Amino acid sequence: MASDPPDKSPPLAVAVLISGSGSNLQALIDAQQAGELPIDIRVVISNRADAYGLTRAANAGIETKVLSHKGFPSRAEYDQALAALLREFDPGLVVLAGFMRILTPELVARFHGRMFNIHPSLLPKYPGLHTHQRALDAGDAEHGATVHFVTDELDGGPRVLQARVPVLPGDDAERLAARVLEQEHRIYPLAVRWFATGRLRLDHAGRVLLDGRVLTEPADLADIARD
Ligand code: GRF
């Protein structure tokens, strides 16, 4: 990670959206505080007031906002309010980190090529919920997590980076989820770092470019670790 050339440009303004524990948010905060991630997390927004991630953000001195979906008559109106809130912070990247809401196409379009999600499966396998149980039920030998750009297709945007874990004898969904989450905490800061340092982008054709090369398959953490 430390091998990138020094970068004099200002840190990338980031907004992180959460609904729960915020352990992926914590991984970003930790990497930023360790000097490994040139980002400025300007705001953490939660749709739930009781999300523990808000405490993590406050502990790190990051501004927090709660925008509850309750009381909004429609998804479109909630997302308009969310877009207005995001605009106040002018993020160059929006990071979905366990934000448990489906976004409208209008909001997604506003941040096209500037919004990441992390999903606990080896996409395109198992978009949606209950990914760990589904991998177990299918008898998969491996499982994992994926960072991808967000598009209108739920968990279907261009994939950037994956990490794999073996499914072990005796695994249940909880144990498997914990093993996957550890890897999430490695790949999310890395993908954000690539974006923040200008190494990663989505081109007009919707292809992922890393260091100027088209990724036909997502990068695999195991290959990077070997570099
Ligand atoms: C993670 O498993 C992530 O992949 C999924 O939601 C979970 C969020 O966990 N999108 P945390 O709130 O970051 O701890």
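## Two backbone oddities

Let's start in the loop between S5 and H5, where you'll find Pro-124. This is a predicted model, and in it the peptide bond joining Leu-123 and Pro-124 is cis, with omega at about 15 degrees.

Another spot to look at is Asp-90, in the loop that runs between helix H3 (75-89) and strand S4 (93-96). Asp-90 isn't a glycine, yet its phi is positive, near 50 degrees.

## The largest pocket

Now for the empty space. The largest pocket comes out at a volume of about 870 Å³. It has 33 lining residues, and those closest to its centre are Gly-98, Phe-99, Met-100, Ile-118 and His-119.

Which elements supply at least two residues each to that lining? They are helix H1 (23-33), helix H4 (105-110), strand S5 (115-119), helix H5 (131-137) and helix H6 (173-196). S5 gives the most, with three residues. As for chemistry, the lining splits into 14 nonpolar, 14 polar and five charged residues.

## Where the ligand sits

So much for the pocket on its own; what takes up the space? The ligand does: the space it takes is the largest pocket. H1, S5 and H6 are the elements that give two or more residues to the shell around the ligand, and these three elements also turn up among the contributors to the pocket lining.

The residues around the ligand are Ser-21, Gly-22, Ser-23, Asn-24, Gly-98, Ile-118, His-119, Pro-120, Leu-181 and Glu-184. Sorted by class, that shell holds three nonpolar, six polar and one charged residues. Gly-98, Ile-118 and His-119 from this shell are also listed with the residues closest to the pocket centre.

## Backbone contacts to the ligand

If you're setting up an interaction list, here are some backbone contacts to put on it. For Gly-22, a backbone N or O atom lies 2.7 Å from an oxygen atom of the ligand. Asn-24 also has a backbone N or O atom by a ligand oxygen, with 2.8 Å between the two. With Ile-118 the partner is a nitrogen atom of the ligand, 3.0 Å from a backbone N or O atom of that residue.

How much of the ligand's accessible area does the protein cover? On its own the ligand has 370 Å² of accessible area, and the protein covers 81% of that.

Conventions:
Residues are numbered from 1 along each chain as its sequence is written. This is a predicted model: local features need pLDDT of at least 70, side-chain atom pairs count only at pLDDT 80 or more; totals for chains, interfaces and linings use all residues. Side-chain values use heavy atoms; hydrogens and water are left out. On a 1 Å grid over the protein atoms alone, a cavity is a set of points where a 1.4 Å probe fits but cannot get out, and a pocket is an open set with protein on both sides within 12 Å along at least five of seven lines; lining residues have an atom within 4 Å of a point. Grid points are joined across faces, edges and corners, and a volume is the space filled by probe spheres set on the points. Helices (H or I, at least four residues) and strands (E, at least two) are DSSP runs, numbered from the N terminus. Ala, Val, Leu, Ile, Met, Phe, Trp, Tyr, Cys and Pro count as nonpolar, Asp, Glu, Lys and Arg as charged, and the others, Gly among them, as polar. A residue is near a molecule or strand if one of its heavy atoms lies within 4 Å of it. A polar contact is a pair of N or O atoms within 3.5 Å; within protein, one must be able to donate a hydrogen and the other to accept it, and residues adjacent in sequence count only if both atoms are side-chain atoms. Accessible areas come from the Shrake-Rupley method with a 1.4 Å probe; for residues, only the protein chains shown count as cover. A molecule sits in a cavity or pocket if more than half of its atoms lie within 2 Å of its grid points.
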